Amino acid sequence: MSSVLESYAVGTWFRPQDEGQALLDAATGEEVTRISTTGLDYAAMVRHARDVGGPALRALTFHERALALKAVALHLGQYKDEFYALSYRTGATKRDSFVDIDGGIGTVFSYASKGRRELPNDTIVLDGGIEGLSRGGTFVGQHVYTSRTGIAVQINAFNFPVWGMLEKLAPAFLAGLPSIVKPASQTAYLTEAVVRRIIESGILPEGTLQLVSGSAGTLLDELGTQDSVDFTGSASTADLLRRHPAVQERGVRLGVEADSLNCSILGLDVTVDDPEFELFIKGVVAEMTVKAGQKCTAIRRAIVPDAMVPAVIDALSARLAKIVVGDPSNEAVRMGALASRGQREEVRKAISTLRRGADVVFGDPDTVETVGADSEAGAFLSPVLLRAHDGASEPHDVEPFGPVSTVIGYRTTADAVALAARGKGSLVASLVTHDPDVAREVTLGLAPWHGRVLVLDRDDAAESTGHGSPLPVLVHGGPGRAGGGEELGGIRGVLHHMQRTALQGSPDMITAITGRWTTGSRRNVTDVHPFRKSLAELRIGDGIDSAPRTVTLADIDHFAEFTGDTFYAHTNPEAAAQNPLFGGIVAHGYLVVSLAAGLFVEPNPGPVLANFGVDNLRFLTPVKVDDSISVALTVKQITPRNSADYGEVRWDAVVSNQDGEAVATYDVLTLVAKELALGIGQV
């Protein structure tokens with residue numbers, strides 16, 4: 001590793017103009033490298049992101065961006081051994097590193113997959129359906145998401161130097177925002193190694209990823225209305241960011257994940273003989289010791305029934321006594337060092353404050369036995385368990401960012417919820433119970449105060465991802481003290497970076513803007529059946545108006561006998577006549593859809609390869625005996641697949657009766673060959 005970390009700025013690696021500050025190995029105290037940003041041109045970085053990275057990224061469709069992310073994840077997977085070796089120097093064990101490194105790469109894979117499956121192969125996202133704004137249908141509204149023209153600055157905490165960067169980078173990249181990443185200094189050398197491997201791959205367009213190794217300096221001074229800052233760190237730093245002129249005066253979007261006094265609640269129904277008791281104990285100990293408790297989601301408060309407090313303390317103490325602390329690269333070690341000796345002192349100060357309202361019942365903040373390491377040279381600390389005094393405020397006000405948790409007793413379920421709420425807003429709470437009534441009451445009480453709630457019992461434990469693991473498909477963030485921000489949550493995390501706009505106009509204009517056919521806009525009906533057209537030939541609005549078909553009583557009887565659907569409205573004239581909605585025999589809804597398919601389909605081999613689904617099916621008007629039906633089928637949306645010789649076509653289907661009334665509406669989903677020669681029977 002270089003004697004001093006470099007930043008990646010304006011297309012090149014920048015070496016600072018001084019030797020900067022030493023960064024020490026968390027386990028040995030030896031110097032790993034040095035860090036500084038002296039001489040770094042922040043204004044040039046922002047201009048490069050806006051003028052070079054932004055346009056290149058926004059020119060890509062969501063699917064192209066997703067494929068780039070997949071390539072990045074595959075590339076990083078080749079260098080995990082290199083990253084693990086550096087991760088040990090941050091104090092992380094092999095298990096800790098898996099959460100950070102493999103978890104980060106896995107998050108990129110997740111967004112790569114969701115981007116291709118849930119976003120269009122376009123640069124615009126439709127939000128909801130068309131809103132009719134006029135009686136005649138000539139004036140409509142549609143909400144859309146578009147990419148902002150700014151940049152995303154990501155300021156990350158020291159505890160997850162890989163995951164913390166990648167979980168912010170992936171959604172921002174998909175949203176079309178170039179990123180400037182600023183990791184916390186203590187562990188920035190691991191982030192720098194990952195960024196270096198990404199840059200050398202050449203996968204991402206230039207300017208879409210830059211790195212600040214060291215102080216953020218004047219970076220925020222360069223930001224404007226279209227830019228955003230996503231911050232993970234302390235509440236005090238978050239407050240400084242909220243007061244920054246870029247946020248207060250220029251409208252920079254600020255997302256914050258800050259202090260969080262997360263809790264785990266043991267249900268009133270649980271006894272020491274229940275499997276839930278052991279699940280609770282394992283969960284608390286895991287959250288105290290993984291990453292040496294340096295997790296924003298770690299359990300700081302263990303809230304248990306008063307009668308269970310002694311048993312919980314005994315069980316936690318017995319399991320904590322088995323935790324081996326020491327050299328994080330040693331396979332026998334379960335808990336490594338804190339990120340720095342300075343961080344250890346901060347945790348010791350927090351424990352000292354907690355002791356005003358609690359007693360230490362396990363561990364010694366000042367001494368710890370270590371394996372394969374010098375306990376003083378490295379930033380080692382024993383797991384520390386406290387028991388809160390009745391009514392104490394300190395456990396609800398002080399976050400010890402290390403291997404520390406406090407046991408707090410409660411009397412009633414309402415009491416437990418009230419204690420949890422005293423944390424003033426947290427990222428996550430867990431409830432361990434096997435009683436559905438307890439689960440509902442407590443969860444509904446916790447939800448307003450937490451971004452995520454885990455309900456754990458014997459039924460889901462084997463497959464549960466645990467209390468402390470944020471998942472890319474679920475939101476990560478929390479109200480109040482936790483910062484009020486929100487990340488991840490699948491595509492929600494992408495849309496969070498985009499601008500939602502309400503469009504108003506004629507159906508034709510909305511179709512032209514969105515690339516999706518809008519009811520009321522022009523259709524192109526010719527003698528050529530659209531099923532005879534390849535993906536390259538199809539156009540939005542291409543369609544067919546079918547001939548009518550009469551639905552007879554024989555049709556209805558046959559369908560009932562053939563399918564076994566003998567519901568009275570289709571088979572019993574007397575009973576059907578009494579139905580206030582029908583007033584007589586009606587056709588099965590699925591018979592109507594089946595007959596409609598026969599009306600619009602073109603049966604010969606061709607470019608249409610398969611029907612893979614029906615969306616938004618609604619039956620609007622009953623079809624009675626001897627009614628006639630016809631179908632208007634229109635190309636609604638065309639989505640080429642980058643990785644295949646075919647694409648997806650969404651068709652708008654409207655089935656109408658002889659009076660012009662819509663009896664069924666739905667979207668038909670098909671796979672269509674990109675070229676005629678690729679279709680069945682076209683060679």
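In these legends Ala, Val, Leu, Ile, Met, Phe, Trp, Tyr, Cys and Pro count as nonpolar, Asp, Glu, Lys and Arg as charged, and the others, Gly among them, as polar. The structure shown is a predicted model.

**View 1. Lining of the largest pocket, by residue class.** By these classes, the lining comprises 17 nonpolar, 17 polar and 11 charged residues. The pocket encloses about 1000 Å³ of space.

**View 2. Centre of the largest pocket and the elements around it.** Of the 45 lining residues, Phe158, Phe231, Gly233, Ser234 and Thr237 lie nearest the centre of the pocket. Two or more lining residues come from each of α5 (163-175), β10 (228-232), α7 (235-242) and α11 (341-354). The largest share, 6 residues, is supplied by α11.

**View 3. The largest nonpolar core.** This core consists of 51 residues, and those with the most contacts inside it are Leu69, Leu76, Phe83, Leu166, Ile198 and Val494. Elements that each give two or more residues to the core include the helices α2 (62-77), α3 (80-89), α4 (94-118) and α6 (188-201), together with the strands β4 (31-35) and β9 (209-211). With 8 residues, α5 gives the most to this core.

**View 4. Surroundings of Val494.** The helix α15 (492-495) also gives two or more residues to the largest nonpolar core. Leaving aside neighbours within four places in sequence, Val494 is in contact with Tyr111, Leu119, Pro171, Leu174 and Ala175.

**View 5. A further nonpolar core.** Apart from the largest core lies another, of 45 residues. Among its members are Val270, Val312, Met335 and Val398.

Conventions. Residues numbered from 1 in each chain as written. Predicted model: local features only at pLDDT ≥ 70, side-chain atom pairs only at ≥ 80, totals over all residues. Heavy atoms only, no water. 1 Å grid on protein atoms, 1.4 Å probe; cavity = no way out; pocket = protein on both sides within 12 Å on 5 of 7 lines; lining within 4 Å. Points joined across faces, edges and corners; volume = space filled by probe spheres on them. Helix = DSSP H or I, 4+ residues; strand = E, 2+ residues; numbered from the N terminus. Core = buried A, V, L, I, M, F, W, Y, C linked by side-chain atoms within 4.5 Å. Buried < 20%, exposed > 50% of the residue type's maximum accessible area, 1.4 Å probe, protein only. Contact = heavy atoms within 4.5 Å.
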